[in-house]
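These are my notebook entries on the surroundings of the ligands. I begin with one ligand shell, turn to the other, and close with a database annotation.

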Amino acid sequence: MTQSAQSSQPPGSTATSTVTVRVPAKVNVQLSVGGLRADGFHGLANVFLAVGLYDSISATRAEAPLLTASGPDAAQIPLDDSNLAVRAARLLARRHGLAPDVHLHIAKDVPVAGGMAGGSADAAGALLACDTLWETRTPREELLELCAELGSDVPFSLLGGAALGRGRGEILTPLEVTGTFHWVFAIADGGLSTPEVYRECDRLREAAGTGSGAASVPDPEPAPELLAALRAGDADALAATLRNDLQPAAVSLRPALAETLEAGVAAGALAGLVSGSGPTCAFLMNDADSAARTAQALLASGTCRAARPTTGPAPGATLVRPL
Ligand SMILES: C[C@](O)(CO)[C@H](O)COP(=O)(O)OP(=O)(O)OC[C@H]1O[C@@H](n2ccc(N)nc2=O)[C@H](O)[C@@H]1O
Ligand SMILES: Nc1ncnc2c1ncn2[C@@H]1O[C@H](COP(=O)(O)OP(=O)(O)OP(=O)(O)O)[C@@H](O)[C@H]1O
């Protein structure tokens, strides 16, 4: 699997032999991080919101496995067997005793290593696309279990909307949301490694003398005011309760993020926070007009590479071809 392509359609695809799935990015409106567990993960109270930046994953029957990618940042993703979409296709094929002979094509729009679960989106998309192409009809619960095997964020990429993630983030409870929240995402040059950001979080906790183990960090809980703000569709109340325990670690590894966060708030955001493990910064806005203005001001501030206005919640992995 070592080929890249620049077109948005997989080469050689035909209308009948290709399945395409669209999958959203996410922002964590609450990311409360518990102590480091014995298995190397952290217990979380993780409130996910899917937002309107999407990757599209196409699956086409092929004689042998092949992966291609397109989009401005496609060169940043691995095209070998470490790609999460490839791992997803192999996992599903193994589950059903099939050969993983499929051409996967990723049309990439979610920032790479940006804290917006782009790789997870591709994994969830590949699972759904291959399950449809191969007519394996895997029950939803089983698909969610396969997602969890691939990564902590992957089940949410399949589900979309808004959800509380417990455990390491993979145990999901859908959440009620009223209306639409407006956001601007400030995309940085270069990514941050998720395990490194968690390690930095532990290091900062140790340095502060609070300890980083499961015995010393209280079990994280979702904030009732934040869940109420989502239920009510109240952007001001949500802005007052946004929280990301990984933010100090992301800013410690990338101090320039402090300037991006300041620039967004100075440009009219209700509040800003680092998205997940960063370095993308997320700004909650009042409406679409202020989102467009703030995106322009952020770009002009020179504190980010790109600024994208969008909304959430967005639907989870969705079949877009064939309809
Ligand atoms: C930061 C978030 O994006 C917030 O939603 C997620 O917690 C990260 O989820 P992800 O990228 O799917 O992460 P995984 O692929 O499951 O794990 C990658 C690495 O991140 C760290 N990790 C991840 C999830 C978690 N609850 N605790 C962790 O400490 C571990 O070092 C793990 O080896
Ligand atoms: N399909 C994929 N798309 C992007 N990155 C991938 C993919 N498959 C594997 N990777 C690897 O995973 C790393 C993390 O990429 P990803 O874009 O998922 O980060 P992220 O959005 O910060 O993740 P998260 O928010 O879930 O922690 C990349 O640096 C890349 O090496």
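**Entry 1: ligand 2.** I looked up the surroundings of ligand 2 in this predicted model and found 22 residues around the ligand. The closest of them are A117, G118, G119, D122 and T194. I then asked which helices supply at least two residues each to this shell. They are α1 (84-95) and α2 (118-133). Helix α2 gives the most, with four residues. By residue class, I recorded nine nonpolar, 11 polar and two charged residues in the shell around ligand 2.

**Entry 2: ligand 1.** I next listed the residues that surround ligand 1, and there are 19. G151, S152, D153, R168 and P195 are the closest. Three elements each contribute at least two residues to this shell: β1 (18-36), β2 (42-61) and α5 (194-207). I sorted the shell around ligand 1 by class and obtained six nonpolar, 11 polar and two charged residues.

**Entry 3: the domains.** Where does ligand 2 lie with respect to domain 1 and domain 2? Domain 1 (18-175) and domain 2 (181-312) both give residues to the shell around ligand 2, so ligand 2 lies between them. I checked ligand 1 in turn: its shell also draws residues from both domain 1 and domain 2, and therefore ligand 1 lies between these domains.

**Entry 4: the annotation.** I consulted UniProt, where an unreviewed entry lists residues 226-299 as "domain: GHMP kinase C-terminal". Over residues 226-299, I noted 58% helix and 15% strand. The C-alpha atoms at the two ends of this stretch are 29 Å apart.

Definitions and conventions:
Residues numbered from 1 in each chain as written. Chains lettered and ligands numbered in written order. Predicted model: local features only at pLDDT ≥ 70, side-chain atom pairs only at ≥ 80, totals over all residues. Near = placed C-beta within 6 Å. Nonpolar A, V, L, I, M, F, W, Y, C, P; charged D, E, K, R; others polar. Domains from an automatic or database assignment. UniProt positions renumbered as here; feature names shortened; annotations may be inferred.
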